[in-house]
2 protein chains.
Amino acid sequence: MKMLSPATSAECLPAERLAERLGALSHRKRMEILRYLAASDRCCCKDVVGRLDLAQSTVSQHLKVLVEAGLVRVKPDRQRSIYEIDREALAATAQGVTALVEACCDEPQPVGCTEPRIREL
Amino acid sequence: MKMLSPATSAECLPAERLAERLGALSHRKRMEILRYLAASDRCCCKDVVGRLDLAQSTVSQHLKVLVEAGLVRVKPDRQRSIYEIDREALAATAQGVTALVEACCDEPQPVGCTEPRIREL
DNA sequence: CATCTTCATCGTCTATCGACGATAGACGAT
DNA sequence: ATCGTCTATCGTCGATAGACGATGAAGATG
């Protein structure tokens, strides 16, 4: 479904979505899973279980988090589930963080504490 | 292929630390706080409370999370606490995410599911 | 059919988050 | 000294995260 793809997909990342993705990224095991998916390009849950010292159900949960955050795609194949990293989404996330950081760095105006203006995120 | 420049402070961000910072970033209110701190350069807790629809104790907690993550500095001043955004740390965090993403994108080797190698994060 | 494999889901447990109000400490002002 | 302000912390609460084992569904395979 190609609903919308206006140029860079990074800029259409609402703050809420970015927060969700960062939440998905902010876990050591999920980072490892991502790297493994990146190295393997695509693989199934069982493969991931073998690498991490975690129960299968736990890995399944972590994968679900990553999928719901949009960082990983999943496609059923036979009795398996093939997980594939979404590099675009990952790049968009990095871009989102960079944009947030730049927004924070590009506003060095020495505004006092009483300044009543804060830009909506 | 060591393309990394050891001069960047981003590289000395261990995965655990990066995860912590992303966790700190993965909250809508804390994003707003960061942006407000960026716009105000430095301000106190009370100022932040006025902007967000949160209790003072809650804001104090969020600020604590940001400080512990190293994204914000705090300095006591009289009866106040002056909070100041750490742009370097913020930049390092963005760099860390970018590095993670690039690591995931720069490994497009079509390794099969059975490949027994996964690089340590 | 019977069995094995793979996976998602359910239930459970503990720990932590995120919010609040209340409170105490530190300080300035009166 | 007393009051008001600002802040951090405590205690509490419901919700969620993160882990596990058990179970069942869906396909293989025998």
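Which atom of DNA strand C lies 2.8 Å from a polar side-chain atom of Arg78(B)? In this predicted model, the partner of Arg78(B) is a phosphate oxygen of the strand.

## Polar contacts with DNA strand C

The elements that give two or more residues to the surface near DNA strand C belong to both chains: helix H3 (45-51), helix H4 (56-68) and strand E3 (80-85) come from chain A, and helix H4 (56-68) comes from chain B. H4(A) supplies the largest share, with 4 residues.

Two further polar contacts may be described. A phosphate oxygen of DNA strand C lies 3.0 Å from a backbone N or O atom of Cys45(A). In the case of Ser57(B), a side-chain N or O atom is 3.2 Å from a base oxygen of the strand.

## The surface around the strand

The residues around DNA strand C number 20, and those that come nearest are Cys44(A), Lys46(A), Ser60(A), Tyr83(A) and His62(B). By class, this surface has 10 polar, 5 charged and 5 nonpolar residues.

On the DNA side, sugar or phosphate accounts for 70% of the strand C atoms within 4 Å of the protein, while the rest belong to bases.

## The fold of chain A

Chain A contains 5 helices and 3 strands, arranged along the sequence in the pattern α-α-β-α-α-β-β-α. Of its 121 residues, 43% are buried.

Considering contacts in chain A between residues at least 6 apart in sequence, 56% join residues at least 24 apart. The accessible surface of the chain is about 6800 Å², and carbon and sulfur atoms contribute 50% of this area.

Notes. Residues numbered from 1 in each chain as written. Chains lettered and ligands numbered in written order. Predicted model: local features only at pLDDT ≥ 70, side-chain atom pairs only at ≥ 80, totals over all residues. Heavy atoms only, no water. Near = heavy atom within 4 Å. Polar contact = N/O pair within 3.5 Å; in protein donor to acceptor, adjacent residues only side chain to side chain. Nonpolar A, V, L, I, M, F, W, Y, C, P; charged D, E, K, R; others polar. Buried < 20%, exposed > 50% of the residue type's maximum accessible area, 1.4 Å probe, protein only. Contact = heavy atoms within 4.5 Å. Areas by Shrake-Rupley, 256 points an atom, 1.4 Å probe, with all protein chains shown as cover.
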